[in-house]
Amino acid sequence: MRKAALVLALILGSVPALAQSPPPVPSVAAPVGPPAGSPSAAPVVVPPPPEVNDPMLAPVPQPPRVLGSWREAVALLRARSTDLKMAVDQVLEAEAQTRIALAQYLPTINGQGSYNHQLITRPVNGISINATTGGGVVTTRTPIPNITTGAIQLSQDIINFPEFDQISINELSEDAARLSVDDEKRTLALSVANQIVAVVTAERDAEINRVGLRVALEQAEITNRKRALGAANGLDVVRAQQNVANARATLVTGDESLREAREALGLALGVPEETGVSPSVDVGGLAQDAAASCRMVATVDERSDVAAARTRLDVAKRNLRNVWYTFLPTITANSALAATSLVSNGAPNPTWSVQGVLQIPIWDGGTRYGNLRNARAAEDIAAQQLEALKRQAIIQVEQAQRQLVVAEQSAVVAKDQRDLAAQNDQMTQLAYQTGQGTSLELVTASEAHRQAELNLALAEFSVVKARLLAMLALATCPW
């Protein structure tokens, strides 16, 4: 029986472990000692693992676009991000509203001309007095068939508190819109950085899945050889094939997750196609690169979104005061220069007039009182939104700091779990090759090792994401 086990061990190949630490089984022939208590001192030599080939072992094709650096990502965001473009357009809208408010207070000049032709007239005889000819009878038509008039009118508000105050209110709205752009940049920077990490994580998972499939195929080949020698039964083969099927399913799902992560990165950058990440990109230093394009602040009150909300509250307060201004009288100056072809006897042509208008609001049906109630409600809403945003920002900062600690601890635990799973997998494979283990133990150890590798990769990149969030939670990005 011992001799048959030795011959079987010479035929079967060992399977390298997935883990980097502890080191995998050597690819060259390595002696394996006999079981404890065996009278034979001859070592068992385990040959290299069997060669396997499968189309699914081929790597995922490279995407058409590959991101080379964080600077390139920022450039794409500036040029192609629709969210950033909409935020900038909102600033332009606010600037336009300020210009409209200024125009309401500046003088307005309007020109007007008219031409009137009478279709029905009748002749009228009149006497014309002429110093040279002595006068005579003149025939005219009434009404006058053709009359042309022209006028230029100028109007200027002298005292109009609501219109004048509206200019500074809209300037505050501009400031709020610009602060919103800075916060949008911070949000986009965090989103793109997370998408980059997600792509790198998915690529790492895809590599691990292929290593897992290769190991499963090698184990299946070993099981088939053992069955050919009578050292394994049909159940062992089925379990090995089931392990291969599970590895294939994990690989297919992982590849699709990689493609989706690349597409999400492309959309975040404004590119409607898969976008990969160059191996030269230092994912570990991604947090520093992202933070370098932003500016750290001391408190949440200095964060762009909180500052924008505070500015919107100031706008709401000013709007309430502006409604009160509508109860005040207004003074307007008007001037008109007019000329006409119908000239009265002794009247000058053209004529120029100046007019001062005093308007005292008395009753408008209750519109101003309704505007007051609306402005008070808007002010309270803005105050509550500011308070809610500040509370949320405080919790976000605290959670970001705590999440970094948790992620680092989870990475340490995941590494220990991976190391133990790798040792268990390696020892189970050697025991199975020498006839001391079962196929169930082999498959269970292999799947546990594969899952531990995936968990470690996820935990390592979760540390990068947590570091990004911790750095950008208190930052403003005016790039």
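**Reading a predicted model, one label at a time**

User: Why is the contact between Lys85 and Asp89 called a salt bridge?
Analyst: This is a predicted model, and the label rests on a distance in it. The closest N and O atoms of Lys85 and Asp89 are 3.8 Å apart. The label needs a Lys or Arg side-chain nitrogen within 4 Å of a carboxyl oxygen of Asp or Glu, so the pair Lys85 and Asp89 qualifies.

User: Where do Lys85 and Asp89 sit?
Analyst: Both are in helix 3 (residues 82-105), 4 residues apart, and that is about one turn of the helix.

User: What makes Lys85 partly exposed rather than buried or exposed?
Analyst: Buried means under 20% relative accessible area, and exposed means over 50%. Lys85 comes out at 49%, so it goes in the class in between. Asp89, with 29%, is partly exposed too.

User: How many salt bridges are there in the structure?
Analyst: There are 23. Another one is between the side chains of Arg204 and Glu460, at 3.5 Å from N to O.

User: What makes the Arg204 and Glu460 pair a tie between separate parts?
Analyst: Arg204 belongs to helix 4 (residues 161-228) and Glu460 to helix 9 (residues 439-472), so their salt bridge ties together parts that are 256 residues apart in sequence. As for exposure, Arg204 is partly exposed at 21%, and Glu460 is partly exposed at 32%.

User: How do you know that Glu221 and Arg225 are about one helical turn apart?
Analyst: They are both in helix 4 with a spacing of 4 residues, which means about one turn of helix between them. Their side chains meet in a salt bridge of 3.4 Å, N to O, and that value is within the 4 Å cut-off. Glu221 has 30% relative accessibility and is partly exposed; Arg225, at 29%, is also partly exposed.

User: Which residues are linked in a network of salt bridges?
Analyst: Glu95, Glu174, Asp175 and Arg178 make up that network.

User: How do you know that Cys294 and Cys477 are joined by a disulfide?
Analyst: Check the sulfur atoms: the S to S distance is 1.9 Å. Two cysteine sulfurs within 2.5 Å count as a disulfide, so Cys294 and Cys477 pass. The structure holds 1 disulfide. With 95° about the S-S bond, the link between Cys294 and Cys477 is right-handed.

User: Which parts does the pair Cys294 and Cys477 tie together?
Analyst: Cys294 is in the loop between helix 6 (286-292) and strand 9 (295-296), while Cys477 is in the segment after strand 12 (475-476), so the tied parts are 183 residues apart in sequence. Cys294 and Cys477 are both buried, so each has under 20% relative accessible area.

User: What order do the 4 strands of the open sheet take?
Analyst: The order is 4-7-10-11, with antiparallel pairing.

User: Why are strand 4 and strand 11 called edges?
Analyst: Strand 4 (108-117) and strand 11 (351-359) each have a single partner strand, so one side of each has no neighbour in the sheet. From one strand to the next, the sheet twists by 20° on average.

User: How do you know that strand 7 and strand 10 pair?
Analyst: Pairing calls for at least two bridges. Strand 7 (residues 146-159) and strand 10 (residues 330-340) have 10 bridges in the antiparallel sense, so they clear that bar. One example matches Ser155 with Asn334 in strand 10. Strand 4 and strand 7 are also antiparallel and joined by 10 bridges; there, Asn116 has Ile147 in strand 7 as its bridge partner.

User: Why is strand 4 said to lie largely in the open?
Analyst: Of its 10 residues, 0 are buried, so strand 4 gets that description.

User: What makes Ile158 eligible for the nonpolar surface patch?
Analyst: Ile158 has 46% relative accessibility. Patch residues need over 30% and no salt bridge, so Ile158 is above the exposure cut-off. Ile158 is in strand 7, and its partners in the patch of about 1,000 Å² include Phe161, Leu328 and Trp363.

User: Which peptide bond leading into Pro143 is cis, and where is Pro143?
Analyst: The bond from Thr142 is cis, with omega near -10°, and Pro143 is in the loop between strand 6 (136-142) and strand 7. The bond from Asn349 to Pro350 is cis as well, with omega near 10°, and Pro350 is in the loop between strand 10 and strand 11.

Key: Residues numbered from 1 in each chain as written. Predicted model: local features only at pLDDT ≥ 70, side-chain atom pairs only at ≥ 80, totals over all residues. Heavy atoms only, no water. Helix = DSSP H or I, 4+ residues; strand = E, 2+ residues; numbered from the N terminus. Axes fitted to C-alpha atoms, helices over the stretch in contact; angles between N-to-C directions. Patch = residues over 30% accessible without salt bridge, like charges linked within 9 Å, V, L, I, M, F, W, Y side chains within 5 Å. Areas by Shrake-Rupley, 256 points an atom, 1.4 Å probe, with all protein chains shown as cover. Buried < 20%, exposed > 50% of the residue type's maximum accessible area, 1.4 Å probe, protein only.
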